[in-house]
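Work through the exercises below with the sequence and the model open. Try each task before you read its solution.

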Amino acid sequence: MLYREYGQTGVEVSALGMGCMRFERPDDIEDMAQVVYHAFEKGVTYFDTAPIYCDDQSETIVGTAIAEMKKTGKPFVVSSKCMLGEPAEIRKQCERSLERLQVDALDFYHVWCLVHPDDLDKRKQLGALEEFRRLKEEGLVRHISVSTHLEHTYIADMLDEGEGLFEGMLIGLNAMNYDLRYVGVQEAARRGMGVVTMNTLGGGLLISHADHYGFIRRTPEESMVDAAIRFNLSLPEITVALVGFRNTDDVDSAVAAVERFEPLTETELAYIKKKLVEKSQSFCTQCGYCRDCPVEIPVVRFMDAYNQRMLEGPKAGLAQMRWHWWTPDVRAALEGCIRCGHCEDVCTQHLPILERFDQLIADQAQQEAENK
């Protein structure tokens with residue numbers, strides 16, 4: 001296993017982390033805890049969970065495994081998250097996480113789910129950051145991190161808003177959205193923060209669409225798991241790449257990928273970036289040039305969802321808006337669009353963005369009709 005230091009904390013963690021939100025049978029606590037313990041035995045020491053994951057069973061599953069992991073005396077760290085703003089509610093949820101995880105302190109506690117540019121400021125005004133600071137002072141939390149889906153243009157402001165409280169950042173990054181997220185990763189690393197990537201396998205899309213993204217492999221025979229993990233871990237700013245393990249087979253394939261890891265050269269990385277552009281002529285490459293919408297429509301988010309639609313169908317596009325971008329009502333979110341065409345004018349790929357807006361709205365209408 002490969003190990004790296006988490007930012008400036010002095011904590012050594014495995015470069016492969018376990019994302020604990022994809023257990024295949026979350027109702028079977030004991031059996032799924034064995035998946036966690038198996039990862040631990042294989043050298044994984046970073047375990048990322050949260051309330052609500054896996055029908056709200058994830059923390060309980062991880063805690064069941066931790067009870068056994070502690071007996072070994074070997075090191076590990078556990079991270080959890082909180083998206084609440086009211087101090088009393090934050091404390092209540094933290095205490096519940098501690099109880100379910102069977103630990104005295106959370107190694108990394110994340111200010112969770114910052115999706116909109118003003119999310120952190122709203123919580124800060126309620127006293128959320130002060131409560132996180134108190135939890136750390138009381139020893140209930142060892143390190144405070146931030147979890148975000150924000151585009152790179154917002155990352156520096158978000159970190160400034162954190163007033164130096166954040167020691168690490170959790171952000172979605174993979175070969176598909178590299179252009180959108182990597183600048184933000186570099187900003188966090190520049191500040192001495194640890195960086196953990198979620199969606200390392202693109203939510204499974206890199207694996208299920210090897211025909212489209214196979215160019216990230218070194219050889220045609222190489223697995224997409226190897227290629228996707230290598231891509232993230234080759235970026236020098238990345239501390240941990242999370243992979244969501246459903247079962248022990250998933251653990252074994254990811255661990256084997258890390259054991260075979262040889263970082264991409266600058267030439268290989270440049271080739272992959274070039275191929276991403278070539279292979280994505282009808283896909284939004286997430287370059288972000290459309291970010292300056294005069295009415296502040298988050299164009300790149302809708303285009304990200306449309307990418308999912310092209311790969312997996314209409315329901316996947318709407319699911320991306322709902323669960324990744326926390327925008328369940330596409331129609332309402334696009335009501336302010338004045339159809340000025342600025343986004344299409346600046347699009348480096350000349351995509352029919354307004355038509356895609358209309359298609360996503362139509363998809364939502366169709367889904368609503370089917371649900372009646």
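The exercises go from the whole chain to single residues.

This is a predicted model, in which local features need pLDDT of at least 70, side-chain atom pairs count only at pLDDT 80 or more, and totals for chains, interfaces and linings use all residues. Residues are numbered from 1 along each chain as its sequence is written, and side-chain values use heavy atoms, with hydrogens and water left out.

**Exercise 1. The whole chain**

Task: Find how many helices and strands the protein chain has, then compare its radius of gyration with that of a compact globule.

Solution.
- Step 1: Count the elements. The protein chain has 18 helices and 10 strands. Helices (H or I, at least four residues) and strands (E, at least two) are DSSP runs, numbered from the N terminus.
- Step 2: Take the span. Along the principal axes, the C-alpha trace extends about 60 × 50 × 45 Å.
- Step 3: Apply the globule rule. The radius of gyration is taken over C-alpha atoms, and the rule is 2.2 Å times the number of residues to the power 0.38. For 372 residues, a compact globule would come out near 21 Å; the protein chain has 20 Å, so the two agree.
- Step 4: Check burial. Of the 372 residues, 57% count as buried. Buried means under 20% relative accessible area, exposed over 50%, and partly exposed in between (1.4 Å probe, protein chains only).

**Exercise 2. Three salt bridges**

Task: For R191 and E187, for E268 and R218, and for R260 and D226, state the salt-bridge distance. Then say how exposed each partner is.

Solution.
- Step 1: Recall the principle. Side chains of opposite charge can pair when their charged atoms come close. The test is a side-chain nitrogen of Lys or Arg within 4 Å of a carboxyl oxygen of Asp or Glu. The structure holds 27 salt bridges.
- Step 2: Take R191 and E187. Their side chains meet at 2.8 Å, N to O. R191 is partly exposed, because its relative accessible area is 30%. E187 has 15%, so E187 counts as buried.
- Step 3: Take E268 and R218. This salt bridge also has an N to O distance of 2.8 Å. E268 lies in helix α13 (residues 266-278), and R218 in the loop between α10 (210-213) and α11 (224-233), so the pair ties together parts that are 50 residues apart in sequence. E268 counts as partly exposed because its relative accessibility is 24%. R218 is partly exposed too, at 35%.
- Step 4: Take R260 and D226. Their salt bridge is 2.8 Å, N to O. The pair links distant parts of the chain: R260 sits in the loop between α12 (248-259) and α13, and D226 in helix α11, 34 residues apart. R260 is exposed at 52%, while D226 is buried at 8%.
- Step 5: Add a network. Salt bridges that share partners join D56, E59, R96 and R100 into one network.

**Exercise 3. D55 and C113**

Task: What is the phi of D55 and of C113, and is each residue buried or exposed?

Solution.
- Step 1: Start with D55. Its phi is near 55°, a positive value in a residue other than glycine.
- Step 2: Place D55. The residue is in helix α2 (residues 53-56). D55 counts as exposed because its relative accessibility is 67%.
- Step 3: Turn to C113. Its phi is also positive, about 65°, although C113 is not a glycine. C113 lies in strand β6 (residues 106-114). Its relative accessible area is 8%, so C113 is buried.

**Exercise 4. Two distances in space**

Task: How many Å separate the C-alpha atoms of E266 and S234, and those of R339 and I353?

Solution.
- Step 1: Take E266 and S234. They are 32 residues apart along the chain, and their C-alpha atoms are separated by 9.6 Å. E266 is in helix α13. At 74% relative accessibility, E266 is exposed.
- Step 2: Take R339 and I353. They are 14 residues apart in sequence and 10.0 Å apart in space, C-alpha to C-alpha. R339 is in the loop between α16 (330-333) and α17 (342-346). R339 is partly exposed, at 42%.
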